[in-house]
Structures are given as structure tokens and as C-alpha cells.
Amino acid sequence: MFIAMSLIPAGDSAGKLLMGSHGVTPLFVAWSRFVVGAVLILPLVPRGAFRLLRDWRIWVRASLLAAGISCIQTALQTEEVATVFGAFFVGPLISYVLATIFLREPVTPLRSVLVLLGFIGVLIVVRPGFDANLGLLWAVAAGTFYGIFLTMSRWLGHLGTPMEMTLTQLVIAAILLTPIGLSQIPMPSLPVIALTITSGVCSMLGNLLLLYAYKHAPASRIAPLVYFQLVAAVGLGWLIFAELPDLWTWVGMAVILTAGLASARLR
């Protein structure tokens, strides 16, 4: 799980390098990530998985993921990795609220307080206002799409195995972004090709290891480790980009970590 939670921000860091050093567009990075991931996972999934493509709900779910990844890549174009991930963690909070309303999942006063505390942490990171940073607003949009995606994943989880659901989201997202992705293919070079493959492989392996972690260990033990993404994002931002968050971002991430870990312990 620690490796998985490190690989996901590593994939985003590779995407940030593509955009910052090689002028690649965010939507090409998002599209290429889905294409690489789909190619990697295709041999591992039975052909019966494609039956899920006949369900319109599967397409809506994958569309949300495509929008979320596109938004987070846009945010990373101008913002620090750690700060983007701090704002992105609005996703689990939105998922909690939506699951409570639409899936009738149980609500406890303490968990609701912790969700509110986590949202306050996100607000500290983003610090919205008239001078709000547009990049961080993209990160919040990414988290919002991802929160809805998580809720739909719980709702539709009975339709297929985790591997089948992963394949459909990668294939559909790649299809939806293909017209834009093909129109924004950068000038090929060894660094661009290497970083594109690295971004897709890290993201795919991170999500695949996440599935295996949930298969071999109870969710109550695994869930708290999701927040290691914030730690990994800070470390990668420092090692690769020499970026360290400002004081208020540190405070916000500490609040998010505290609320998230405490909430996970209640499972």
C-alpha cells in the first residue's frame, strides 16, 4: 500500500515534468495515461469484462474519472505537487456526503465532525477568495469529480470484479479523450516518450497494487494508508522540483491527515 500510494503521485510528478519541461498539454498527459494503463491491464482481464461497456452508468463513471484526471493535470501545470494533492483530498469528503445521501450509508456524529474537519483542512490549503489561485481551483474540481466517481464505484461495484471495473474506466476514458489527445501529440523525443510511459505505468501500477492490497488485507487496516499520498507528494515535490509547501499549506495538510486517519480508525 505504501508503494501504491507513492506510485500515484510519482505518475503525476512525471506528468508535471512533461508539462513544465517539454511543453506537453495537460489533456495529452491525461489521455496518454489512460492509453498506457489500458494497454498494460488488457492482458490481465478476461474478455467478458467488455460486457460492462453496454451499461450507460459505466460510461458516466469513467467520464467522471477522465474529467478528474484532466483537471488535476491542469492544476499540476502551475501548482506544487503537495499543494495540489492537499486540495484534491476534498474528494473523499464529497464521497462521504454523497454516499450518505444516495446510498444510505450509516452516519455517525463523530465521523461527520471529522469530515467537516477535513473539509476545513482543504479550505486552509486552497484559501478561497477573490484572489483564489486558479490552479488550486482546478485541483478542487478534480477532487469533486473523483468524489462522485468514488460514490458511483460503490454503487456499481457489484457489476464486475475490481480488475474488470478498472479496465472499463481506462478504456472508456481513453476513448473519450482520444480526439483531444491525438490533436495535441507533442514532438516525439526520448525524454517525452520516457516520461509519458513513466506517468502511465506509475499510475496503473499504483492503482493495481491498491486493488491487491484491498484483496489481501481488511479495508479498516488499508484505508488510513491512503493518506500517505500526501506524504509522498511532499517528498516527491521536494526531491524533483525543490518545492516545499508554505506554512498554511502544512497546517491544512496536517488537519486533513488528522481527520482522515481518525475517520479511518472508526471503521
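Reader: In this predicted model, at 33% relative accessibility, what does Leu117 count as, and why?

Author: The general idea is a pair of cut-offs, with buried meaning under 20% relative accessible area, exposed over 50%, and partly exposed in between. Because its relative accessibility is 33%, Leu117 counts as partly exposed. This residue is found in helix α6, which covers residues 109-126.

Reader: Which residues make the nonpolar surface patch, and what is its area?

Author: A patch admits a residue when over 30% of its relative area is accessible, a condition that Leu117, at 33%, satisfies. Together with Leu116, Phe119, Ile120 and Leu123, Leu117 makes a nonpolar surface patch of about 400 Å². When reading such a group on a helix, recall that an α-helix has 3.6 residues a turn, so residues three or four places apart point the same way.

Reader: How should I read sequence separation against distance in space, and how far apart are Ala254 and Gly118 by each?

Author: The two separations are best read side by side. Ala254 and Gly118 lie 136 residues apart in sequence, while their C-alpha atoms are 9.5 Å apart in space. Ala254 has its place in helix α12, residues 247-265, and since its relative accessibility is 38%, Ala254 counts as partly exposed. For the protein as a whole, 88% of the contacts with a separation of 6 or more are between residues 24 or more positions apart.

Reader: How many helices and strands are there, and how does the overall fold compare with a globule?

Author: The protein has 12 helices and zero strands. Its radius of gyration is 18 Å, close to the 18 Å that the globule rule gives for 267 residues, so the protein is as compact as a globular protein of that length. Along the principal axes, its C-alpha atoms fill a box of roughly 50 × 45 × 35 Å. Buried residues make up 51% of the 267, and of the roughly stated exposed area, about 12,800 Å², carbon and sulfur atoms supply 72%.

Reader: For a single helix such as α11, what span is expected, and which residues are buried?

Author: A helix is judged by comparing its reach with the expected rise of 1.5 Å a residue, and α11, with 14 residues (228-241), reaches 19 Å from its first C-alpha to its last, close to the expected 20 Å. Within α11 the buried residues are Gln229, Leu230, Ala232, Ala233, Val234, Leu236 and Gly237. After α11 comes Ala242, with a positive phi near 55 degrees.

Note on methods:
Residues numbered from 1 in each chain as written. Predicted model: local features only at pLDDT ≥ 70, side-chain atom pairs only at ≥ 80, totals over all residues. Heavy atoms only, no water. Patch = residues over 30% accessible without salt bridge, like charges linked within 9 Å, V, L, I, M, F, W, Y side chains within 5 Å. Areas by Shrake-Rupley, 256 points an atom, 1.4 Å probe, with all protein chains shown as cover. Salt bridge = Lys/Arg side-chain N within 4 Å of Asp/Glu carboxyl O. Helix = DSSP H or I, 4+ residues; strand = E, 2+ residues; numbered from the N terminus. Buried < 20%, exposed > 50% of the residue type's maximum accessible area, 1.4 Å probe, protein only. Rg over C-alpha atoms; globule rule 2.2 N^0.38 Å. Contact = heavy atoms within 4.5 Å. Expected span 1.5 Å × (residues − 1).
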